[in-house]
Amino acid sequence: MRKMLLAFTGLFLAACLNGQNGLPHLFVYGGVSAGAGETKPFWNVSKQHGKYTLQPFGAIGGIGLKTDNEPKTHGLRLDYGVEWAGTLGNESRGYLHEAYLEVANAWFLFRAGKKEEVTGNQDTTLSLGSTIWSGNAQPMPMLVAGTPGFIDIPFTGGYAEVNALLAHGWFGRGRYVKNVFLHRKHLHLRFGGDFFINGSVGFQHFAQWGGSSPDPEYGDLPSDWDAYLRVFMACSGDPANVHENEVINSLGNHLGSRCYRLDVKMTACSLGIYFQSIFEDSSGKSRPFNRDGIWGVYYRSSDRKKIVNHAALEYLHTTWQSGPVHNIGDTVLGGNDNYFNHSIYRDGWTYHGFVLGTPLITSPVFNEPGDMGILNNRVVALHLGLEGMIGSVDYRTFFTYSINKGLYVNPISPARGQFSCYFVTTVPSVLPHTDLDVRLAMDIGTMYGNAAGVILCLRRTFDPFQSLGR
């Protein structure tokens with residue numbers, strides 16, 4: 001590990017001195033939030049990479065340094081970035097939001113550190129978010145190896161492409177089980193190339209494993225090479241050193257998703273349809289089209305100046321969970337998958353209080369003090385996202401209606417309905433290289449309550465190193 005960190009440090013210094021790889025830009029931002037209601041509206045908190053607290057009134061600020069290089073056909077591309085962010089209010093904090101070094105060329109990518117990202121086959125900007133990894137929580141430190149997006153499979157003439165990734169990460173401290181590891185991998189295949197119809201299929205696998213539980217029944221959980229291989233293959237634990245629950249089931253907390261997508265590219269626009277499942281055990285994994293997941297359709301115009309140049313409509317369903325009952329006596333039925341919860345990793349599939357998957361499964365930050373884990377994972381939702389231009393100003397807007405049913409073991413009865421809407425635009429400032437982000441959001445319903453809020457954030461970009469590249 002030490003040699004790897006030294007190697008990345010050397011590449012970082014080389015990147016700083018190598019003008020051919022582009023020079024970093026410096027940015028600073030600061031803003032305020034205000035609103036009516038007990039908390040910020042749902043979309044002013046969710047899918048924001050964990051940057052915002054729930055309190056309606058407060059301030060946010062940050063400073064960072066990043067490169068912004070375009071992919072290259074030949075040679076190495078070296079990217080790096082660091083961002084410190086902070087909030088002021090009832091929950092004041094300051095933390096390192098991003099810090100990463102990325103080395104890539106046309107065929108491979110290596111990254112060390114924490115960087116904002118999402119994964120999956122959903123619409124890029126208008127989706128509810130990936131079922132498993134949506135950009136709802138803060139970036140997590142990890143080591144990543146894979147392809148820089150889709151790349152051509154040799155000898156296919158560009159008509160077959162692959163996108164692959166393998167990562168190891170750290171959940172860190174401050175959790176019920178301390179020092180938990182992340183295992184993450186995906187494999188996506190896309191077919192069609194320059195043909196006007198493209199299709200893709202993919203599989204995503206995530207797991208929480210290792211760590212030290214305060215529950216003496218579990219204690220120190222296996223974290224050696226043998227445990228890693230068992231987690232990689234989603235196999236049972238070694239009966240000699242794990243609890244019987246991890247022998248009956250897979251070692252660790254496993255989550256997965258199958259992804260299917262079809263795209264049609266035309267001169268004036270592109271259209272597509274996609275499905276992304278969600279499962280947590282063999283009962284869900286065994287079904288290629290598990291009924292739980294996200295169904296989506298999208299439209300994107302070639303003319304960006306239209307009032308609506310991009311639209312996505314999605315339907316989310318997570319209420320089935322392979323049925324309401326996991327077992328009757330000694331007979332395992334495989335139901336009650338209880339998404340994002342786990343009997344050992346009691347914080348669940350979360351990071352710093354936010355779920356890592358779709359934010360419609362309610363994050364613990366919305367819980368009452370002392371309530372741990374996920375209290376609402378049986379959700380049905382309809383979501384519409386729109387993008388376009390009004391005059392010379394870009395905008396993005398969401399309209400989301402959800403029905404929230406709680407858990408099989410602790411249902412919300414009657415189910416709670418919630419409508420959430422969101423509007424964001426960036427307005428150019430009279431100051432050079434400065435923009436004003438305006439985020440308006442509103443909630444109406446019984447799940448998250450009634451609220452309205454605004455976030456105003458001024459961002460300034462500097463290029464102090466341009467003279468070095470001349």
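Trainee: How much area does the protein expose, and what share do carbon and sulfur atoms supply?
Mentor: The protein exposes about 21,800 Å², and carbon and sulfur atoms supply 61% of it. Accessible areas come from the Shrake-Rupley method with a 1.4 Å probe; for residues, only the protein chains shown count as cover. This is a predicted model: local features need pLDDT of at least 70, side-chain atom pairs count only at pLDDT 80 or more, and totals for chains, interfaces and linings use all residues. Residues are numbered from 1 along each chain as its sequence is written, and side-chain values use heavy atoms, with hydrogens and water left out.

Trainee: What makes Glu161 and Arg190 a salt bridge?
Mentor: Their closest N and O atoms are 2.9 Å apart. A salt bridge needs a side-chain nitrogen of Lys or Arg within 4 Å of a carboxyl oxygen of Asp or Glu, so the pair qualifies.

Trainee: Why is Glu161 called buried?
Mentor: Its relative accessibility is 10%. Buried means under 20% relative accessible area, exposed over 50%, partly exposed in between (1.4 Å probe, protein chains only). Glu161 therefore counts as buried.

Trainee: Is Arg190 buried or partly exposed?
Mentor: Arg190 has a relative accessible area of 25%, so Arg190 is partly exposed.

Trainee: What makes Lys115 and Glu102 a salt bridge?
Mentor: The closest N and O atoms are 3.3 Å apart, so the pair meets the cut-off. Lys115, at 24% relative accessibility, counts as partly exposed. Glu102, at 5%, counts as buried.

Trainee: Which residues are linked in a network of salt bridges?
Mentor: Arg77, Asp79, Glu102, Arg111, Lys115, Glu117 and Arg184.
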